[in-house]
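Me: I'd like a close look at one part of this model, please. Could you pick a single strand and walk me through what surrounds it?

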Amino acid sequence: MARRLALWVPLGLFAFFAGLAAYMLTQDKDQFVESAMIGQPLPDFALQPAFAGLPGLARADLVGGKPRLLNIWASWCLPCIAEAPQLEALKARGVEIVGIAIRDRPEDVAAFLARHGNPYSRIGADPISEVQLAIGSSGVPETFVIDAKGVIRYQHIGDIRPEHVPLLLKELEKAK
Amino acid sequence: MIRALLVLLAALIALPALAQDTMPPAPYAYTQLEDPALEARAAALMHTLRCLKCQSQSIADSDAPMAGDMRHQVRSRILAGESPEEIRAWLIARYGDYVSYEPRVSTTTWPLFVIPALVILIAAGVLLRRLGRRRGGAGGEEA
């Protein structure tokens, strides 16, 4: 009798794995790669201005004073247009926002800002994604909370929607 | 009808163009290192690093601009004298184990290494017992 039952074990195992595979296929895949740099100091960098209208960005610009938002974006990135009003709202709340423009041209940066508003105090140009890779960012847009000591405290992946504004304000408060 | 189709076609062409940048690739994105030995080391490493934009491809396989920028990092660091494992560690420090296709033994991955060894041991045990029984032959039990 026990032997008979044992014969069903492989079939049972197969059904279990087939069921597991079918279930996992219906689940959303988490596409985000989180930065492992949260809690780490920003690496050293110095970027040229992304266009003539604003100064460039270096690590030293992110040290001292209040916590800031570091926005990784690009003029060719569509979700960056969607988050522009939220960046304006954060700026209106007194938040300093600095930007890094990924693989971008000065004329495109200027045109984007003229059209969608300019919430930035500085924008550095990262034409080969060097600083982006150095801080563990894997796409645009991403927004990092940097505290006054230049330590990365929080990472927001994807565009900032209206519901994320209070969240970022809270993280900025926590980083004080 | 044809007009509508043309508009649709145009939209299909326009969308990818909008979602990509127009910048030239990084210097070492598509250019091999002069020294074949260094290029071989870089290439071997690039085949075991995950593209972050197209996560089922290695950076050696991907044409995503970001994969090109990662290849530039790998090649220029190799050229500067870093070892492939140092570069892998640099990337893992930024993106976690996920960026590497070469699995490490860690607190979460050890069962992957231990379970196959256990299964082989169990299979070997069962096989030995069966063969032993058959060779003993006294019971004469087949299959």
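Reply: Happy to; what follows is a tour of strand β4 of chain A and the loops that come after it, with a short look at the rest at the end.

Please keep in mind that this is a predicted model. Strand β4 of chain A covers residues 97-102. How much of it is covered? Of its 6 residues, 5 are buried, so the strand is mostly covered.

Now for its partners. On one side there is strand β3 of chain A (residues 68-73), which pairs with β4(A) in the parallel sense over 5 bridges. Within this pairing, I72(A) stands opposite I100(A). The link between these two strands is helix α2 of chain A (residues 78-92): β3(A), α2 and β4(A) together form a β-α-β unit that is right-handed.

The other partner is strand β5 of chain A (residues 120-126), which runs parallel to β4(A) and is joined to it by 6 bridges. Here I102(A) stands opposite D126(A) of β5(A). To get from β4(A) to β5(A), the chain passes through helix α3 of chain A (residues 106-116), and this β-α-β crossover is again right-handed.

The loops deserve a look if you care about backbone torsions. R103(A) sits in the loop between β4 and α3 of chain A. Its phi is near 45°, a positive value in a residue that is not glycine. Is R103(A) buried or exposed? R103(A) has 26 other C-beta atoms within 10 Å, and 20 or more is the cut-off for buried, so R103(A) counts as buried.

S129(A), in the loop between β5 and α4 of chain A, also has a positive phi without being glycine, in this case near 55°. S129(A) is buried because 26 other C-beta atoms lie within 10 Å. Further along, the loop between α4 (130-134) and β6 (142-146) of chain A holds P141(A). The peptide bond that joins V140(A) and P141(A) is cis, with omega about -10°.

Finally, the wider setting. Chain A has 17 residues in contact with 19 residues of chain B. On the chain A side, these divide into 9 nonpolar, 5 polar and 3 charged. Chain B itself is divided into domain 1 (23-103) and domain 2 (105-137), and 38 Å separate the centres of these two domains, taken over C-alpha atoms.

Terms used. Residues are numbered from 1 along each chain as its sequence is written. Chains are lettered from A and ligands numbered from 1 in the order in which they are written. This is a predicted model: local features need pLDDT of at least 70, side-chain atom pairs count only at pLDDT 80 or more; totals for chains, interfaces and linings use all residues. Two residues are in contact if their C-beta atoms, placed from the backbone, lie within 7 Å. Ala, Val, Leu, Ile, Met, Phe, Trp, Tyr, Cys and Pro count as nonpolar, Asp, Glu, Lys and Arg as charged, and the others, Gly among them, as polar. A residue is buried if 20 or more other C-beta atoms lie within 10 Å of its own, exposed if 12 or fewer, and partly exposed in between; C-beta atoms are placed from the backbone. Helices (H or I, at least four residues) and strands (E, at least two) are DSSP runs, numbered from the N terminus. Two strands pair if DSSP finds at least two bridges between them. A crossover is right-handed if, with the strands pointing away from the viewer, the path from the first strand over the helix to the second runs clockwise. Domain bounds come from an automatic or database domain assignment.
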